[in-house]
Structure formats: C-alpha cells, structure tokens
Amino acid sequence: MKKRNVPFGYQYQNGLITTHPQEVAVLHRVFSEYQNGLSLLEIANRLNAENVEYQPGVTGWNKSRIMRLIEDERYTGKDNFPAIIYEETHRAMIDMKAQKNTQHSTDRNHKIFHIDVPVICPVCGSEMNRRHDSRFKKCQQRWICSNKDCRTVIHKADSDLLHDITVLLNRVIVNPGLVQIPAEDESISVQTLKAENEIARTLDTIDYDKTALRKKILECASLKYADIDSTPYIANRLKAVLADAEPLSAFSLPLFKRTVQAIRLEKDGTVAITFVNNQTIRKDDENATDSNHSAESSTENPGENQHS
C-alpha cells in the first residue's frame, strides 16, 4: 500500500502543500463527531461503513488513525501547513482526550454503572447511551440516542436521574394499589383445542397406539401451560414486593432491579419508569398508566383517588 507523503487533508499542487477539499470535509466531520461525544471506534466504523477513503482505494479506518488526526497540530497551521481548524478547537479535543484517559479513576461501583435496563429515546424509541463530559460545568452527563438517524441528546445528571427514579418508586411504595392487576385471560388457543379434539377422537377408537396417545397428551399439556396468562402473576408479585418495601431515602439498586424493566426520558429530562408488568409511571401522573390496558380499566384502579 502506498503511504501518504502529506497528512490527511492536504495535497501537493504545483509543488506546494494545499488543502484537499474532500478530505477537509471528512476532517471537519471527524472533529465534530468527536466533540459531540462519539467514540473513536464509532467514528471509524461510520467512515468504514460509508466507504470513505483514507487515500485512493483505501478505507481502513480505526481508533488509532482517528486519534492521530485529532492529535495532529499541523491542522492548526503549524509547520507551515495551511490551517484547517482553529487552535481552540484542537485544544478542546486534546482536553477531551485527556479527560477520557483518566476514566480509569471513575468509580465503576457507582450505582449508575449497574443499571442494566434500557433507557428509551422519547423521539424514536431506540435505546440511549450514557456519555460523560467533564467540560460541561452545569451537567456533565448526557444520554445520546443510539439511532444514527435520530441522535437525540438529553442532558441528565446521574444524581438527578437516580433521585427521580427514587421518587417514582416511593410513589408506588406508599400506595401499592397503583399497581394494576389485569383480569386473567382464560381463553384457550386454537392449537390447544385441536390437540384436545385429536385426543378425544383417538380415545373413541377401539384400537389405538398408546405410545402415540401418550405423546399427544404431553403435547396438549405443554400447550395448556403456554396458554396460562402470566401477566396477573407478575403484577401481583410486583405489588407484593413494593408493598413490603419501606419508603426509600436514597436510590435502591436491588429494589430497582426487581421491579423496573425500562427507563424513559423525555426531551426536558423528565423521567418515567416502566415496571416489569409493562405499567409506566411518570412524574406528572397521579396514577400509573399502562398502554396495554384500556382507559376503562384505569378507572377501576383502586388507588385512583388516593394521592401520593
């Protein structure tokens, strides 16, 4: 592979080093995405996926190559190279790199790193990823949508996120009647009815294969087990867990893991949690809501007229 004789972003014209317009556009993109929180690997993967060339006929982007671009001072006009970025921009990226290199000192035992449920984007419904940036003084944490066509960004401090979750948990702890218990679905599937009919027809015959009948009976039992609606059981178990819990003075990771299956963020940073029974409760809701239940079922909630 032929090696470049000038840094990426430059070219020789009439014996002089000048900027390369197409490569300069790539550089500006790389610098912008890095400052917006994308990792070196994410940037490299995007460039490779789009077949952006590092030099004619070659892609091969990786973390090391991206980092060399970010670290290269020549893009600021050093060593008689035409300036492509401002020195302030280069310094900001170097500061970000230094901050990321100190992440080994981050307390990975902090509860925020043990929340393993998805945080859902309010715009597209995709999962969001947490980013930390010490350059921001007001709020150093932000959540970025993983959907490249969305990339919604929500600033939410770890402490505020855990506090808001705790408030929502306490709302149901002090009033476990907010947990909605759906009526049990006793319907039988078509497959189960078919299996029962086959067994009945077999038993009506005089001479039948006992081994085959035994197999059909076991298959029917398996179908009946699959027909059992577990939703009421899950809701009742959730209600029991929350009824048994004491009001929280701080975020409880064990209780969170037992009761919550997803976190939902709104654009303004408002938090909602979805319990393991698919019931969602929000900050501005007096009662929990459940997209799987009708409005009529919500009015039958025994805790509707009880305010937290």
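The following dialogue examines how several structural labels in a predicted model are justified.

Trainee: What makes up the protein chain in terms of helices and strands, and how much of the chain is buried?

Mentor: The protein chain of this predicted model holds 10 helices and nine strands, and buried residues account for 38% of its 308 residues. The chain exposes about 18,500 Å², of which carbon and sulfur atoms supply 49%.

Trainee: Why is β5 called largely enclosed?

Mentor: A residue counts as buried when its relative accessible area is under 20%. In β5, five of the five residues are buried, so the strand is largely enclosed by the rest of the structure. Both faces are covered, with Gln141, Trp143 and Cys145 buried on one side and Arg142 and Ile144 buried on the other.

Trainee: How do you know that β4 and β5 pair, and in which sense?

Mentor: Two strands pair if at least two bridges are found between them. β4 and strand β5 (residues 141-145) are joined in the antiparallel sense over five bridges, so the requirement of at least two bridges is met. Among the facing residues, Asn129 has Ile144 of β5 as its bridge partner, and His132 stands opposite Gln141 in β5.

Trainee: What makes β4 and β6 the edge strands of that sheet?

Mentor: The sheet is open, with three strands in the order β4-β5-β6 and antiparallel pairing. β4 (128-132) and β6 (153-155) are its edge strands, since each pairs on one side only. Neighbouring strands of this sheet are turned by 25° against each other on average, with direction ignored. On the β6 side, β5 and β6 pair in the antiparallel sense over three bridges, and Arg142 stands opposite His155 in β6.

Trainee: Why is the pairing of β3 with β7 accepted, and which way do these strands run?

Mentor: Pairing requires at least two bridges, and two bridges join β3 to strand β7 (residues 260-265), the strands running parallel; the criterion of at least two is therefore satisfied. Val119 stands opposite Ile263 in β7.

Trainee: Which sheet does this pair belong to, and what is its strand order?

Mentor: β3 and β7 belong to an open sheet of four strands, in the order β3-β7-β8-β9, whose pairing is mixed. Its edge strands are β3 (119-120) and β9 (280-282), each of which pairs on one side only. Helix α5 (residues 158-173) packs on this sheet, where it touches β7, β8 (271-275) and β9, and the direction of α5 makes about 50° with that of β8.

Trainee: How do α1 and α2 pack, and what is the handedness of their crossing?

Mentor: Helix α1 (residues 21-35) packs with helix α2 (residues 40-49) at an angle of about 145°, their axes being 10 Å apart, and the crossing is right-handed. From α1, the contact is made by Val26, Arg29, Val30, Glu33 and Tyr34, and from α2 by Leu40, Ile43, Arg46 and Leu47.

Trainee: What is the make-up of the contact of α1 with α2 by class?

Mentor: The contact has six nonpolar, no polar and three charged residues. Arg and Glu count as charged, whereas Val, Tyr, Leu and Ile count as nonpolar, so Arg29, Glu33 and Arg46 are the charged residues of this contact.

Technical notes: Residues are numbered from 1 along each chain as its sequence is written. This is a predicted model: local features need pLDDT of at least 70, side-chain atom pairs count only at pLDDT 80 or more; totals for chains, interfaces and linings use all residues. Side-chain values use heavy atoms; hydrogens and water are left out. Axes are lines fitted to C-alpha atoms, for helices over the stretch in contact, and angles run from 0 to 180 degrees between N-to-C directions. A crossing is left-handed if the near helix is turned anticlockwise from the far one by less than a right angle, and right-handed if clockwise. Contact means heavy atoms within 4.5 Å. Buried means under 20% relative accessible area, exposed over 50%, partly exposed in between (1.4 Å probe, protein chains only). Accessible areas come from the Shrake-Rupley method with a 1.4 Å probe; for residues, only the protein chains shown count as cover.
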